[in-house]
Amino acid sequence: MCGIVGYIGNKEAYPILIKGLHRLEYRGYDSAGVALINRRGELSVYKSKGKVSALEHSVDGKDTTGSIGIAHTRWATHGEPNEVNAHPHYSMSKQLALVHNGIIENYKALRAEMEKNGVVFCSDTDTEVLVQLIEYVQHRHECGLFEAVQLALKSVVGAYAIAVLDKAHPEQLICARKGSPLIIGLGTSDQGAHEFYLGSDATPIIEYTDKVIYLQDEEVACMDGSGALEIVNLANVRQTPQTVTLQMSLDELEKGGYPHFMLKEIYEQPSAMRTCIRGRLDIVDKDVLLSGIIDNKEKFLNARRIIICACGTSWHSALIGKYFIEEAAQIPVEVEYASEFRYRNPVIYSDDVVIAVSQSGETADTLAAIQLAKNRGAFLYGICNVIGSSIARATDSGTYLHVGPEIGVASTKAFTGQVITLFLLGLAIAKEKHTLSDEMFHMLVDELQRIPDKMQWTLDHNPNIDQFAQMFTYCKNFIYLGRGYNYPVALEGALKLKEISYIHAEGYPAAEMKHGPIALIDEEMPVVVIAPKRGMYDKVVSNIQEIKSRHGKIIAVVTEGDNTVSQMADYTFVIPDTRDCYVPLLAILPLQLLSYYVACAKGRNVDQPRNLAKSVTVE
Ligand code: G6P
């Protein structure tokens, strides 16, 4: 979703803000803007449609001096993506400028009331309502910015992370949050002076400091140029913030020689998975050590059900997790789209365990789904990648993926990290419940340990996907088929392709093909079939025959050494043999690469596909 950056200190703010916007661009990118107060006390707002580079271009030659500023990259919700609707927004008098991430639900009522009292609006956004409201409150209550922000936010319904500047107080940067993340970085300049950085996440901050404060819901912070920081809640009660040390490194945020973050993240998967299982798989003693399960053993042993709530790619990994947990730990598992779950009054028992799977840990629907489950007394477990994210903090316990920051909008290493984490979880519960024989448990532990090497093998043995992908750039549709554990892989393969190449693609359980999709098959239709020499191999071979006889083009993912499917298929990707349940971790790799190279061949912006956002903090 939208990204916020802020700075107050004794450095020039503009370069810090622009660099921060570039780092946050993966969150949203249809317009960008910056507000600065220069040393003469003038407040300037510059904004432009499109990417951060367009903003930089438009600002060329203008006064960008000043050591206090806020900036924003937008993913439109209210109002089309244009310059007027871009942030920062001025108040009517142009005394204030504000950036906002989130949605103000009662903005129409607030706007109507202010319009009645003479306030004039110039954009369609809910954000402008916020900045006007703060100024309106300032005038009515004759108070300073810090107090006005607190009072104004009391009448706001919705989600927000905001940062505000007031021309009258060039020494103060005010921010607040509810439902949308905001992080304050505590820095020290070369001259030893205190300075503050602000970010929607840690990526724009990490270059300058690893000491941060995660602002909590309904907290308002005042960062002062003198180095003072005051945080209060909406009732003006002073809060004691906790300073946290970030574990992320700057290197992890750079492209490392790859043309796109997505390609880097695809190739990082073997090493990221090693980190994900490090300390959790004990190969010597053949054990799985997951502190979240060890500490909450009774909750899992007594669980009537597990409900997994997720969205997008995370929903696909959850589906693989369901198959495995049911098979290994014999607990019924339901996988829910968080956006549906939160609104349909679901049955939730107090002895249910509800797991939220979310790379960002900020997805609004997933967060709301677990809040609903919490109100019904369920035990909440989070599987997130972003440390300290809202979902990680809202859950009773959980497991981090530890796969490093994922910047490409299309999820790759977070998907495989989620799948591995769900396998670890299933194995850890199975061990406690004794639902697997020792022999099977040890075999699964051993094989999971080998998966990162097998991922590397897969990446090394499918070399010409870039050339092969060229042939598919003119296709309008793709079908992806898989059975059992590979049905979610078909869904994920199709999602990857449509997300970044904009080619329509659908994933199906292979046997469902005859109930409808078969009607679509002709010589124009590529059908990607995940056909490992495991599980329901013979049945998948029959499905391939049905496609062949209708002249569909077969792209098959096969096990190394397979001749049957390789001879039937027009193109094959190879993976090494592994246990049935672990095939998704290998089969998805060539499918990620296929999507990547088709999208590149079509000239798409792979890391920042149109209309998508990395972190969807609105419902
Ligand atoms: C967005 C992203 C997807 C992601 C989904 C869920 O739509 O573009 O890649 O799968 O959100 O995100 P989460 O952070 O909850 O896993």
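Where is the place of Lys286? Lys286 sits in the loop between strand 15 (281-282) and strand 16 (287-288), and the views below take up this loop and several other parts of the structure.

This is a predicted model, in which local features need pLDDT of at least 70 and side-chain atom pairs count only at pLDDT 80 or more, whereas totals for chains, interfaces and linings use all residues. Residues are numbered from 1 along each chain as its sequence is written, and side-chain values use heavy atoms, with hydrogens and water left out.

**View 1. Loop residues with positive phi, and a cis peptide bond.** Lys286 has a positive phi of about 50° although it is not a glycine. With a relative accessible area of 24%, Lys286 is partly exposed (buried means under 20% relative accessible area, exposed over 50%, and partly exposed in between, with a 1.4 Å probe and protein chains only). Glu218, in the loop between strand 11 and strand 12 (219-224), also has a positive phi, near 60°, in a residue other than glycine, and its relative accessible area of 32% makes Glu218 partly exposed. Strands (E, at least two residues) and helices (H or I, at least four) are DSSP runs, numbered from the N terminus. In the loop between strand 4 and strand 5 (89-90) lies Pro88, and the peptide bond that leads from His87 to Pro88 is cis, with omega near 0°.

**View 2. The antiparallel sheet of eight strands.** The strands of this open sheet follow the order 3-2-4-1-10-9-11-14, with antiparallel pairing (two strands pair if DSSP finds at least two bridges between them). Strand 3 (43-49) and strand 14 (243-245) are the edge strands, each pairing on one side only. From one strand to the next the twist averages 20° (axes are lines fitted to C-alpha atoms, for helices over the stretch in contact, and angles run from 0 to 180 degrees between N-to-C directions). Strand 11 (residues 211-214) pairs with strand 14 in the antiparallel sense over three bridges, and the bridge partner of Lys211 in strand 14 is Thr245. Helix 1 (residues 13-24) packs on the sheet and touches strand 1 (3-8), strand 2 (31-37), strand 4 (68-74) and strand 10 (194-199), its direction making about 160° with that of strand 1. Helix 2 (residues 52-59) packs on the sheet as well, touching strand 2 and strand 3, and its direction makes about 130° with that of strand 3.

**View 3. The parallel sheet of five strands.** This open sheet has the order 23-22-24-25-26, with parallel pairing. Strand 23 (504-509) and strand 26 (571-575) stand at the edges with a single partner strand each, so one side of each is left without a neighbour in the sheet. The twist averages 15° from one strand to the next. Strand 25 (residues 553-559) pairs with strand 26 in the parallel sense over five bridges, and Ile555 stands opposite Tyr571 in strand 26. Helix 18 (residues 537-548) packs on the sheet, touching strand 22 (477-482), strand 24 (526-531) and strand 25, with its direction at about 165° to that of strand 24. Helix 20 (residues 583-601) also packs on the sheet, where it touches strand 22, strand 24, strand 25 and strand 26, and its direction makes about 140° with that of strand 26.

**View 4. Glu546 and its surroundings.** Glu546 lies in helix 18 and, at 26% relative accessibility, counts as partly exposed. Not counting residues up to four places away in sequence, Glu546 touches Met513 and Ile518 (contact means heavy atoms within 4.5 Å). Lys514 is 32 residues from Glu546 in sequence, and the two are 8.8 Å apart in space, C-alpha to C-alpha.

**View 5. Thr412 in its loop.** Thr412 is placed in the loop between strand 21 (397-400) and helix 14 (413-433), and with a relative accessible area of 0% it is buried. Leaving aside neighbours within four places in sequence, Thr412 is in contact with Met262, Glu265, Ile266, Gln269, Glu406 and Gln592.

**View 6. The bend in helix 15.** Helix 15 (residues 438-460) bends by about 40° at Ile451, and a proline, Pro452, follows within four residues (the bend at a residue is the angle between axes fitted to the seven residues ending there and the seven starting there). The buried residues of helix 15 include Phe441, Leu444, Ile451 and Pro452.
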